[in-house]
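Visitor: I would like to go through this model with you and ask, term by term, what each description rests on.

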Amino acid sequence: MNRLWWTQIKAVIRLEMKKTFFAKRGLWIYAVAALPVLIFLAYAVAMSNQQHRSARIARESQKPLSYQDLLAVKSGMTKEEVVAILGKPPLDIHWTEHRPTGPGTFEDIDHERLQYSDGQNDLYVELSHEKVEGVNVQDTYNLGQDAIVFAGVFQFFFLRLAIFFGCLGIFMNLFRGEVLDRSLHFYFLSPIRREVLMAGKFLAGLLATCTIFVTSEVLQTVAFLWHFNPHTRDLYLYHHHGLEHAAAYIGVTVLACVGYGAFFLVAGMLFRNPIIPAATILVWEFINPFLPALLKQFSVIYYLKSLCPVDIPVPPGSTGLLALLISNADPVSAPLAIIGILVVAAIAIMVSSFQVKRMEINYTSE
Amino acid sequence: MNDRIVFEEVSKFYKEILGVNRVNLSIPPGITSLVGPNGSGKTTLMNLMTGLVKPSRGRIQVLGINTDDAENLFKFVGYSTQFDAFPRGLTGFQFIYSYLCLSGISAQEAERTAWEAIQRVNLVDAASRKIGAYSKGMRQRIRLAQALAHNPKVLVLDEPLNGLDPLARAEMIALFRASAAQGSYVIISSHILHEVDVISDQVILLSNGYVVAEGQIQTVRNEIQEHPTQILIRCDRPRELAAKLFASEYMIEASIHNDGRGVLLKTKDADRFYLALNQLALDGIQIESIAPADDDVLSVYEYLIGNEEVVR
C-alpha cells in the first residue's frame, strides 16, 4: 500500500466515523450493545441486594454459621433438631394451607419456612407439621454458574444477535446508506481508487463496531464481576483464567465484527433490500451446526464458537436439535479459527472490491 | 496526453431505457455547452465523462485518461453535479475541505485551498454554516466550489446557473470564461440555448439521447436550417397541392397520406415553403390543417431557443 492510499484511507475514516457514531438512524445499535450490559447490571444489583440480605440474616442468627452447618439440615428432621443445629431462625414464615380431602371437606396443614445464612449462602428449610419437607441451599457467590450464564448471553445474544445486527446496521449502510441519501457521488468524484475508498469505509465500520461492541463487552465483564467480593473477584481473574476469558471474549468480539462486517459490506453492495441478505445470513448462521463439514467453514459463527473460552453444557433432557445447537461438536483450533475468519472476510472484501468498481451512480433506480 | 475529451460510438442504456446512443464527440478546450430538453441525455453524457456511469458500448477518454481510472481522472476533472445531496452534517467549509483531503493532500494545504475555492464562489460568510441550512443558490455555489477547488483542467458543470440570481450568474459566467481563457475545458449543460450560446465556444445539441448537431454556435444554427422538415397538410385536393409544391426547388419529397386526405411533404427551406403555401391557399385549395410531422431537430431547436427566433 502506498502512502497516498493510506492518507486517503485516513481521510475516509475521519468522514465516516463522524457519520457512523452520530447518525440518528444508528442509535438502535447503541441500544442493542447496551442491552446485555443492562442485564448484567440489573443482575449485579439484584445479587448485591441479596448479599446484603444474606449478610443481615447471618448477623441476626443466634450463632455464627458455616456452610457445613447449613448442609447439616436434612429432610425428615424436626424443627427442634434444626434449631438445635442452627439456632433460632432469623426469618420464620408461617402459613396454613386448606387442602381439600374430599367433596366439601378440607384439612388444615401448617407450613413454615425457616431461613438461615452464613453470609454468602442462604438456606431455606420448608416444614410441614413441624417436620422438614424440603431443604434448599442457594449460593449468592456461584461464579462457575454465573460464568456459564455469561457465556450463554455472549454466544446466543451478543454474538448471534447484537453484533450480527449491529454490523448489519453499520456495514450495510456504508455504501447503501449513501445511495439512499443520494450522496455517494461525493466519494466517486474524488481522485481516489474505488478499492481504497472501500478499504477506508470498511476500516471505519470496523473501528466503529469494535469501539461500540468491545466497550459493551468490557462493561458487561465489569457488571458481571460487580457483585462479587474483592477476594472472589481476584480469585476468578488471576487464578481461574478470568482475565484470559475476558481477553478471549474481546478477541472474539473483534473477530465477529471483522467477519460479519465483511459479510454485510458485500451484501450491501449486492442487494437493494437489506432484509433478504440479513435473513439469509441469519438463517445460514443458525443452521450452521446442522450443515455438512465443508459448508460449515463458510460461516462466521463456526469459527467464533470454537474461540469462545467457556463451553456451555447441554441442559439435561434437551432434545437432539437443541443439544446440537448449544454444543460445539466439531471445534477447530484457535489459530485455524482465526485464520478461517480472516480468510472468509478476505473473500467477502475481494467480492466487495470487484463490486465497488462496477458501481454506478443511478439514484433514480433506487 | 491526448488534448481532447473523446467519445467513440458511446451508448448508454439504463436497462431498456436509452440514455444516449452512438455518440461520437471530440471536445476541444474552451467552453462547450450541452444543450437539449429535459431527458435528452445531457446529464448521462456528463456522468459518462466522469465515470459515474459506465458506457454500455463504446469508449470514453478524458485527456487520454480512461474514465474508470478515478485516481488519475479527478486530478484533472471537477464535476458539479445536479444531485442536490451532500454528506450529512457538514458545513460548507468541511464539505470542500473533506473533498480535498480525499485527494491525499495535507490538512494545511486542503484548508488553504478550500478557503480559496469558497472565496471564488463568494460563500465565505456562509462557509461555517451547515449545508442543510443553505438556500438552493448557495448549494449550487458550494457544489461549484467543490468542482473548482483543485483547479481542474476539465470543469464539468451540470446546469450550473440553475437557482442563481442574476448577479451570481454573471459572476459564475465570468468564472467559466476565466477558466476557459486559461486553456481549461469547461463543459456546461443547459436546457436553454439562450443561457449559454453567448458564452460558448461550441455547442452540442442533444435530443432523445442523440447528438443532433455539434460545433460552433453559428455552424449549429446553419446545420439546423439546412435540415429537412416534414410537414403534414390536410386539404381537399392533396394530389394537386403535392404537384404544385413539388415543382419548387426547396421541396425534397412529397407523398399522399395513407388515408388519401393529406399530403406529407419534406422541405429543406421551411420559410419559403410556408410562403408558397399561403399563395396556394389563396388559389382556392382548402387547407384544413398544417402540422409538423416529425420531432426533428428544428422542433428541438425551436423548443430550446423559443418560438420567436424561428422565422417562418
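Visitor: What makes strand 8 of chain B count as mostly covered?

Guide: This is a predicted model, in which local features need pLDDT of at least 70, side-chain atom pairs count only at pLDDT 80 or more, and totals for chains, interfaces and linings use all residues. Residues are numbered from 1 along each chain as its sequence is written, while chains are lettered from A and ligands numbered from 1 in the order in which they are written. A residue is buried if 20 or more other C-beta atoms, placed from the backbone, lie within 10 Å of its own (exposed if 12 or fewer, partly exposed in between); six of the six residues in strand 8 (185–190) of chain B are buried, so the strand is called mostly covered. Y185(B), I187(B) and S189(B) point one way and V186(B), I188(B) and S190(B) the other.

Visitor: Why is strand 8 of chain B said to pair with strand 3 and strand 7 of chain B?

Guide: Pairing requires that DSSP find at least two bridges between two strands. Strand 3 (residues 30–35) of chain B has six bridges to strand 8 of chain B, and strand 7 (residues 154–157) of chain B has four, both in the parallel sense; therefore both pairs qualify. T32(B) stands opposite I187(B), and L155(B) has V186(B) as its bridge partner.

Visitor: How do you know which residues of chain A and chain B are in contact, and how many are there?

Guide: Contact means that C-beta atoms, placed from the backbone, lie within 7 Å, and 25 residues of chain A are in contact with 24 of chain B. Helix 1 (3–22) of chain A gives the largest share of chain A's side, eight residues.

Definitions and conventions. Helices (H or I, at least four residues) and strands (E, at least two) are DSSP runs, numbered from the N terminus. Two residues are in contact if their C-beta atoms, placed from the backbone, lie within 7 Å.
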